[in-house]
Amino acid sequence: RPSRWNATWLRSEMGALVRVFCGDQIFTQRVNSPGRSHSASHYNMLHFGLGKCTKVKKITVHYVNGIKAATASTLVDRI
């Protein structure tokens, strides 16, 4: 299992479940497939509206193939 974002494991982001832990709240989103609608494209980028949160405790990603990745605390308003 990789423990860093830059791990060299082969994986697809499609369908991955992303959780952002901020204060006592957990924000969750799933990465959508670009083939969900005809003649449209979707970014593989997720946007989390964190409200008054100024620092994220951690971010976890659970890939559909079972691989998990996580990162430690980070600042908000970053791409």
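Q: Why is Gln 25 called partly exposed?
A: Gln 25 has a relative accessible area of 43%, and the scale used here calls a residue buried under 20%, exposed over 50%, and partly exposed in between, with a 1.4 Å probe and protein chains only. The value of 43% falls in between, so Gln 25 is partly exposed. The model is predicted, so that local features need pLDDT of at least 70 and side-chain atom pairs count only at pLDDT 80 or more, while totals for chains, interfaces and linings use all residues. Residues are numbered from 1 along each chain as its sequence is written, and side-chain values use heavy atoms, with hydrogens and water left out.

Q: What makes the segment that holds Gln 25 a strand?
A: Gln 25 has its place in strand E2, and strands are DSSP runs of E with at least two residues, whereas helices are runs of H or I with at least four, both numbered from the N terminus. Strand E2 covers residues 25-30. Over the chain as a whole, the secondary structure comes to zero helices and six strands, in the order β-β-β-β-β-β from the N terminus on.

Q: How do you know that Cys 22 and Cys 53 form a disulfide?
A: A disulfide is defined as a pair of cysteine sulfur atoms within 2.5 Å. The sulfur atoms of Cys 22 and Cys 53 are 1.3 Å apart, so the pair meets that limit. By this rule the count for the structure comes to one disulfide.

Q: Why is this disulfide of Cys 22 and Cys 53 given a handedness, and which one is it?
A: The torsion about the S-S bond is about 120°, and the disulfide is therefore right-handed. Cys 22 belongs to strand E1 (residues 17-22), while Cys 53 lies in the loop between strand E2 and strand E3 (55-56), so the pair ties together parts that are 31 residues apart in sequence.

Q: Are the two cysteines, Cys 22 and Cys 53, buried or exposed?
A: Cys 22 has a relative accessibility of 3% and counts as buried. Cys 53, at 17%, counts as buried too, because the limit is under 20%. Of the 79 residues of the chain, 27% count as buried.

Q: What makes E1 and E2 a pair of strands?
A: Two strands pair if DSSP finds at least two bridges between them, and E1 and E2 have six, in the antiparallel sense; six satisfies the requirement, so they are called paired. Within this pairing, Leu 17 has Arg 30 in E2 as its bridge partner. The hairpin of E1 and E2 has two residues between the strands, and Gly 23 there takes a positive phi near 60°.

Q: How do you know which strands E4 pairs with?
A: E4 pairs with E1 over five bridges in the antiparallel sense, and E4 (residues 58-62) pairs with E5 (residues 68-71) over four bridges, again antiparallel. In the E4 and E5 pairing, Thr 60 has Ala 70 as its bridge partner, and His 62 stands opposite Lys 68. Their hairpin has five residues between the strands, with Gly 66 at a positive phi near 95°.

Q: Why is Thr 60 called buried, and which residues does it touch?
A: Thr 60, in strand E4, has a relative accessible area of 10% and is therefore buried. Touching is a contact, meaning heavy atoms within 4.5 Å; the residues that Thr 60 touches, not counting those up to four places away in sequence, include Leu 17, Phe 21 and Ala 70.

Q: What makes Lys 58 a charge over the ring of Phe 21?
A: The rule asks that NZ of Lys or CZ of Arg be within 6 Å of the ring centre and within 35 degrees of the ring normal. The charged end of Lys 58 sits over the ring, 4.8 Å from its centre, so the distance lies within the 6 Å limit. Phe 21 also stands opposite Lys 58 in the pairing with E4.

Q: Why is Val 76 called buried?
A: Val 76, in the segment after strand E6 (74-75), has a relative accessible area of 14% and so counts as buried. Among the residues that Val 76 touches, leaving out those up to four places away in sequence, are Leu 50, Cys 53 and Val 56.
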